[in-house]
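Work through the exercises below with the structure open. Each task is followed by a solution in steps.

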Amino acid sequence: MITGEVKNKIDNLWDAMWSNQMTNPWIDIQQITYLIFIKMLDDNQIKVERKINSMVAAGMKVNLEDFNLIFKDGFYIDEEDKINCSYADLRWSVFSAWGDNGKKFDNLKNNVFPFIKKLHGDKITSFAKYMEKAEFTVSNPYILGKMIDVLSDPDLGFNKTDMMGDCYEYLLSKMATSGDNGQFRTPRHIIDMMVEIAKPTLKDTIIDPAMGTCGFLAESAKYIQEHYPKELTNKQNNQHFHNEMFTGYDTDTDMLRIGCMNMTLHGVENPTVKYNNSLGEDYEDKEKYSLILANPPFSGSLDPSTVAKSLIQISGGTKKTELLFLSLFLRLLKTGGRCVSIIPVGVLNNTNDKAYTRLRKALVEEQKLEGVIFMPGGVFYPYSGVQTGILIFTKTNAGGTDKVWMYNMEQDGYSLDQKRDQIEANDIPDIIQRWNNLAEEANRTKYEKSFLVEKQEIVDNDYVFSFNKYQKKQVEKKTYRATKDILASINNLEVQFKKIMEELNQ
């Protein structure tokens, strides 16, 4: 999340670009994002090289081919693009230090940019497909030098792989387009929490059918790399990780390009990232995935004639996108597959529209509803103040709901206003700790911020999932003085007041 000084520096860069005739905001966003990507490729390799050096210093045997280094020793030669330069010149840490902006400009335009467009170009990958039409359109050496200087600022934190998405999100907000179609990025700490809840494994096939910048897929890849490093050395596991494990769809080609870059930065070579209307009639995948992590658009409704008939059958003909996506999840998941998805609070408590009740009933009676996390309004500021929740369920097609865990998140580590400044109050560590120890939740009462709710109680409440429906509040008994004592006090005050007035009159 970009805040404070980082915002100011990005704003200054944006203003400089506009004052130098770079006045197409979409193209400007693309150019900044490409440069961040180029920088982060080098930052990632620097980290790997430090690891390699530490291994060598410890006397360990190192095979460089195991690390898939992008920047190698020697020269990069591409006869088609007429490139013959050292790999070192392609690295941000090298060319950003050059004093000549003209030299930087020529190098970026003629060497670096053609090089990144062909990453994984020897393979038929999503990255190669969506980078094929990418263009370098920075207007002149001066503004390129300005861009490189700003993006090299260590205070911006662009050595972190999630910052590209954060920057893209912020630049979208400057255009006032973010969120118009429910298209705003899920905060990184919320994604992290949901991935920790889902606990992906190498046996999973994961999909986000409304992927945006691939935040859920990228963090899932990071989780796998951190928790299964030894298993990833297995050839079959490695093949699955780089090819079949991750699938993402979107209807925005710019998002597809950003998503591919994001996955590349997270070490996934060939995820399935495609242009696709996930709710459309042409998309027919079913019972194919074992894990869904998503924050689908839920800002409007669709014409039923444009929606897949299979989703209409599941949802009962609703036009609401949030219900259509939930229907899609049920269609896409294999039996035994899990879903952790953000939903608007209306999905949890709307009783005016029968379609909402119908889907809630299906989750309880036909699937295994496991948890509901209620998030405060403001989590998605500055784009939207809509209140949201997180649904956690497993597809069984045979029921299985027993007790449903409910948690009332009050703070997420940031102020719940437009500024979203970082604060100490944060329920997320507690949420993860309690989710990982559900057996202990049976001892909690409904006076607390989390507890288990019996299935029958949900049924009795017409399948409403609202936290307030089940929470009990402690009413403190207040003791007041006897009426005669209160009246005596009033009379005493009257006497004092009269005495003071007499003195003032004298």
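**Exercise 1: Helix H4 and its packing**

Helix H4 (residues 101-117) packs against helix H6 (residues 141-151) at an angle of about 85°, and their axes are 8 Å apart. The model is a predicted one, in which local features need pLDDT of at least 70 and side-chain atom pairs count only at pLDDT 80 or more, while totals for chains, interfaces and linings use all residues. Residues are numbered from 1 along each chain as its sequence is written, and side-chain values use heavy atoms, with hydrogens and water left out.

Task: classify the packing of H4 with H6 and list the residues that meet.

Solution.
1. Axes are lines fitted to C-alpha atoms, for helices over the stretch in contact, and angles run from 0 to 180 degrees between N-to-C directions.
2. Angles under 35 degrees count as roughly parallel, over 145 as roughly antiparallel, 65 to 115 as roughly perpendicular and the rest as oblique. H4 is therefore roughly perpendicular to H6.
3. With contact meaning heavy atoms within 4.5 Å, Asn 101, Gly 102, Lys 104, Phe 105 and Leu 108 of H4 meet Pro 141, Tyr 142, Leu 144, Gly 145, Ile 148 and Asp 149 of H6.
4. The residues of this contact divide into 6 nonpolar, 3 polar and 2 charged. Here Ala, Val, Leu, Ile, Met, Phe, Trp, Tyr, Cys and Pro count as nonpolar, Asp, Glu, Lys and Arg as charged, and the others, Gly among them, as polar.

**Exercise 2: Length, bend and burial of H4**

Task: compare the span of H4 with its expected value, then locate its bend and its buried residues.

Solution.
1. Helices (H or I, at least four residues) and strands (E, at least two) are DSSP runs, numbered from the N terminus.
2. The expected span of a helix is 1.5 Å times one less than its number of residues. For the 17 residues of H4 this gives 24 Å, and the end C-alpha atoms are 22 Å apart, which agrees.
3. H4 bends by about 45° at Leu 108, the bend being the angle between axes fitted to the seven residues ending there and the seven starting there.
4. Buried means under 20% relative accessible area, exposed over 50%, partly exposed in between (1.4 Å probe, protein chains only). The buried residues of H4 include Phe 105, Leu 108, Val 112 and Ile 116.
5. Among the partners of the buried residues of H4 are H2, strand E1 (75-78), strand E2 (83-86) and H6.

**Exercise 3: Positive phi**

Task: which surroundings do Glu 287 and Tyr 463 have?

Solution.
1. Most residues other than glycine have a negative phi.
2. Glu 287 has a phi near 45° and lies in the loop between strand E5 (272-275) and strand E6 (289-294). Glu 287 is partly exposed, because its relative accessible area is 47%.
3. Tyr 463 has a phi near 60° and lies in the loop between helix H18 (455-460) and helix H19 (467-470). Tyr 463 is buried, because its relative accessible area is 9%.

**Exercise 4: Leu 363**

Task: is Leu 363 buried or exposed, and what is it in contact with?

Solution.
1. Leu 363 lies in helix H15 (residues 354-365).
2. Its relative accessibility is 2%, so Leu 363 counts as buried.
3. Leaving aside neighbours within four places in sequence, Leu 363 is in contact with Leu 330, Lys 368, Leu 369, Leu 391, Phe 393 and Thr 401.
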